[in-house]
Protein chains: 2
Amino acid sequence: MTKQQLMIRKLLEQSETHPTAEELYLEAKKEMPNISMGTVYRNLGQMADEGTIVRLHFPGQPDHYDKTIRPHDHAICVKCGSIADVELDSLKSMIEKSLNVGILSYELNIQCVCSSCQSKAS
Amino acid sequence: MTKQQLMIRKLLEQSETHPTAEELYLEAKKEMPNISMGTVYRNLGQMADEGTIVRLHFPGQPDHYDKTIRPHDHAICVKCGSIADVELDSLKSMIEKSLNVGILSYELNIQCVCSSCQSKAS
DNA sequence: AACAGAAATAAGAATCATTCTTAAAAGAGG
DNA sequence: CCTCTTTTAAGAATGATTCTTATTTCTGTT
């Protein structure tokens, strides 16, 4: 647990969104001007492998990172690109029951129009 | 609908798996030796945009393409990497009911151990 | 405090999938 | 055939991510 990792972790913790490695890098640079992209990627990857943070994959976009490790899903707005956490209780067991097979994990990404864009729509 | 596109479509149609652009390119090259990667990518992208094929995203892997456009989900084996189609009826409406919001689409990828690897396991 | 060995870093080169550019080829219509 | 449009092949360019390597930081030991 180096100070670089501590800082990256702190920045992710403070973030209200689901930042990308680059966004975290730019933030980190403000407090530690000569931190490198490689360090950010390496530490994010390591923490994701440990399971202390979560890496999210969205089509055609750089990966995003999530401080919330409790299993949950994500809804991405097709208009503004904002990503919202979504709680779908018992989805895992529902899937397992449907398939009749144990699953290790799953990733569910929902495409929708967020309420903010919905109200703006003409 | 050019002959290149027709061929790419045919190869995907014939495939029993969920090939990547590169795999399709290598196949296509056998019958049309001077087809280019760019053409394969462009046509796959175009067909995916039209909705006549489906583009699939898996973490840390090149995109895969699916001839089956009927909405369905995928289970990827963490041991061998094989990708299986999975039918989870009414998942969309279930999600919509849970969230109380209309959704445009979703992508669900399940991580599991396929039955083949399961039986091989020590 | 000084040193040796181990682990993590910064910097940037390398990689890989994908997209873009451009000049040439193929197609369509008159 | 001749022009106009579309698509292609080839490869350069891009963008996210990983890898390499020399340097720095850390840890434990004397």
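Helices and strands here are DSSP runs, numbered from the N terminus, with at least four residues for a helix and at least two for a strand. With that in hand, here are the legends; note that the model is a predicted one.

**Figure 1. Chain A at a glance, with five helices and five strands.**
Walk along the sequence of chain A and the elements come up as α-α-α-β-β-β-β-α-β-α. The C-alpha atoms of chain A fit a box of roughly 50 × 45 × 25 Å along the principal axes. Chain A has 122 residues, and 43% of them are buried. As for how the chain folds back on itself, take the contacts in chain A between residues at least 6 apart in sequence: 45% of these join residues at least 24 apart.

**Figure 2. Where chain B meets chain A.**
On the chain B side 23 residues are in contact, and on the chain A side 22. Putting the two together buries about 1800 Å², with carbon and sulfur atoms giving 76% of that area. What does the polar side of the tally look like? Six residue pairs are in polar contact across the interface, both residues of each pair being at pLDDT 80 or more, while the count of salt bridges between chain B and chain A is zero. Looking at the side of chain B that touches chain A, helix H4 (91–99) and strand S5 (105–112) of chain B each bring at least two residues. The largest share there is from S5(B), with eight residues. By residue type, that side of chain B splits into 15 nonpolar, seven polar and one charged.

**Figure 3. Two S5 strands pair across the interface.**
Strand S5 of chain A, residues 105–112, lines up with S5(B) in the antiparallel sense, and seven bridges hold the count. To get your bearings in this view, find A:Ile110 and look across to B:Tyr106 in S5(B), which stands opposite. A general point for reading the view: in a regular strand, side chains alternate between the two faces of the sheet.

**Figure 4. A:His18, a buried histidine in a loop of chain A.**
Which elements flank this loop? A:His18 lies between helix H1 (3–14) and helix H2 (21–31) of chain A. Is A:His18 buried or exposed? Its relative accessibility is 6%, and the cut-off for buried is under 20%, so A:His18 counts as buried. Two aspartates meet its side chain: A:Asp85 through a polar contact of 2.8 Å, and A:Asp66 through one of 3.4 Å. Setting aside neighbours within four places in sequence, the contacts of A:His18 also include A:Glu23, A:Leu56, A:His64, A:Tyr65, A:His74 and A:Ile83.

**Figure 5. The S3–S4 hairpin of chain A.**
Strand S3 (residues 73–77) and strand S4 (residues 83–86) of chain A run antiparallel and are joined by four bridges. One of the paired positions is A:Ile76, whose bridge partner in S4(A) is A:Ile83. That A:Ile83 is also among the contacts of A:His18 from the previous view. Five residues sit between the two strands of the hairpin, and in the turn A:Gly81 has a positive phi of about 80°.

**Figure 6. Salt bridges within chain B.**
How many salt bridges does the structure hold over all chains? There are 10, and three from chain B are picked out here. In one of them, B:Glu50 partners B:Arg9, with the closest N and O atoms 3.9 Å apart. This pair links distant parts of the chain, 41 residues apart: B:Glu50 is in helix H3 (residues 37–50) and B:Arg9 in helix H1 (residues 3–14) of chain B. B:Glu50 is partly exposed, at a relative accessible area of 45%.

Another bridge joins the side chains of B:Lys30 and B:Glu27, at 3.0 Å from N to O. Both belong to helix H2 (residues 21–31) of chain B; they are three residues apart, so about one helical turn separates them. B:Lys30 is exposed at 63% relative accessible area, whereas B:Glu27, at 35%, is partly exposed.

Finally, B:Asp63 and B:Arg55 form a salt bridge whose closest N and O atoms are 3.9 Å apart. B:Asp63 counts as partly exposed at 25% relative accessibility, and B:Arg55 counts as partly exposed at 30%.

Definitions and conventions:
Residues are numbered from 1 along each chain as its sequence is written. Chains are lettered from A and ligands numbered from 1 in the order in which they are written. This is a predicted model: local features need pLDDT of at least 70, side-chain atom pairs count only at pLDDT 80 or more; totals for chains, interfaces and linings use all residues. Side-chain values use heavy atoms; hydrogens and water are left out. Contact means heavy atoms within 4.5 Å. Buried area is the accessible area (1.4 Å probe) that two parts lose on being put together, summed over both. A salt bridge is a side-chain nitrogen of Lys or Arg within 4 Å of a carboxyl oxygen of Asp or Glu. A polar contact is a pair of N or O atoms within 3.5 Å; within protein, one must be able to donate a hydrogen and the other to accept it, and residues adjacent in sequence count only if both atoms are side-chain atoms. Ala, Val, Leu, Ile, Met, Phe, Trp, Tyr, Cys and Pro count as nonpolar, Asp, Glu, Lys and Arg as charged, and the others, Gly among them, as polar. Two strands pair if DSSP finds at least two bridges between them. Buried means under 20% relative accessible area, exposed over 50%, partly exposed in between (1.4 Å probe, protein chains only).
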